[in-house]
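The following exercises are to be worked through with the model open, and each is followed by a solution that goes step by step.

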Amino acid sequence: KIPSSILVTIFSEDLKESAFRISAILRSQGLNVITYPSVDKLSKQLKFADKIGAKIAIIAGPDEVQAGKITIKNLEDNIQMTVDQFDIGKEVRKLLD
């Protein structure tokens, strides 16, 4: 297993840059983040997150990105919430504590 508790998914080719930006923001806040290496089905990315032992998946699809939102999925209890992109670090930390 890779020691990371957060996986940022890549929804589509045109949202790749957005996924890398989200990862950079979380890393700048001291969080250990892995960005999925390519565009793939979300289910495959979530299976990868489970395989590496990630506790949280970050999902930013076209609707979320356009609205300035990000979906955080807690992989331990399968509950997800959509938050303002500026609150992502704070909300992720709450789930990890």
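**Exercise 1. The sheet**

Which residue in strand 3 is the bridge partner of I6? Place this pair in the sheet as a whole.

Solution. This is a predicted model, in which local features need pLDDT of at least 70 and side-chain atom pairs count only at pLDDT 80 or more, whereas totals for chains, interfaces and linings use all residues. Residues are numbered from 1 along each chain as its sequence is written, and side-chain values use heavy atoms, with hydrogens and water left out.

Step 1. The bridge partner of I6 in strand 3 is I56; helices (H or I, at least four residues) and strands (E, at least two) are here DSSP runs, numbered from the N terminus.

Step 2. Strand 1 and strand 3 run parallel and are joined by three bridges, where two strands pair if DSSP finds at least two bridges between them.

Step 3. Moving on from strand 3, four bridges join it to strand 4 in an antiparallel arrangement, with I72 of strand 4 as the bridge partner of I58.

Step 4. Strand 4 is in turn joined to strand 5 by six bridges, again with the two strands antiparallel, and V83 in strand 5 is the bridge partner of I70. These two strands form a hairpin with four residues between them, and N78 in the turn has a positive phi of about 65°.

Step 5. Taken together, five strands form an open sheet of mixed pairing in the order 2-1-3-4-5. Strand 2 (33-35) and strand 5 (79-84) stand at the edges with a single partner strand each, so one side of each is left without a neighbour in the sheet.

**Exercise 2. Helices on the sheet**

Which strands does helix 1 touch where it packs on the sheet, and which does helix 2 touch?

Solution. Step 1. Helix 1 packs on the sheet by touching strand 1, strand 2, strand 3 and strand 4, and its direction makes about 170° with that of strand 2; axes are lines fitted to C-alpha atoms, for helices over the stretch in contact, and angles run from 0 to 180 degrees between N-to-C directions.

Step 2. Helix 2 (residues 42-52) likewise touches strand 1, strand 2, strand 3 and strand 4, its direction making about 160° with that of strand 1.

**Exercise 3. The nonpolar interior**

How many residues has the largest nonpolar core, and which of them have the most contacts inside it?

Solution. Step 1. A nonpolar core is a set of buried Ala, Val, Leu, Ile, Met, Phe, Trp, Tyr and Cys residues joined through side-chain atoms within 4.5 Å, and buried means under 20% relative accessible area, exposed over 50%, partly exposed in between (1.4 Å probe, protein chains only).

Step 2. The largest such core has 16 residues, and those with the most contacts inside it are I6, I22, L26, I58, I88 and V92. Two or more residues come from each of strand 1 (6-8), helix 1 (16-28), strand 3 (56-59), strand 4 (69-74) and helix 4, and helix 1 gives the most, with three residues.

Step 3. With neighbours within four places in sequence left aside, the contacts of I6 (heavy atoms within 4.5 Å) include L26, I56, I58 and V92.

Step 4. For strand 4, five of the six residues are buried, so this strand is largely enclosed by the rest of the structure.

**Exercise 4. Charged pairs**

How many salt bridges are there?

Solution. Step 1. A salt bridge is a side-chain nitrogen of Lys or Arg within 4 Å of a carboxyl oxygen of Asp or Glu, and by this rule the count comes to three.

Step 2. K16 pairs with E13, the closest N and O atoms being 3.5 Å apart; K16 is partly exposed at 25% relative accessible area, whereas E13 is exposed at 52%.

Step 3. D40 and K44 form a salt bridge with an N to O distance of 3.4 Å, and D40 is partly exposed at 24% relative accessibility, as is K44 at 46%.

Step 4. K94 and E91 meet in a salt bridge at 3.4 Å, N to O, and both lie in helix 4 (residues 88-96), three residues apart, about one turn of the helix. K94 is exposed at 53%, whereas E91 is buried at 13%.
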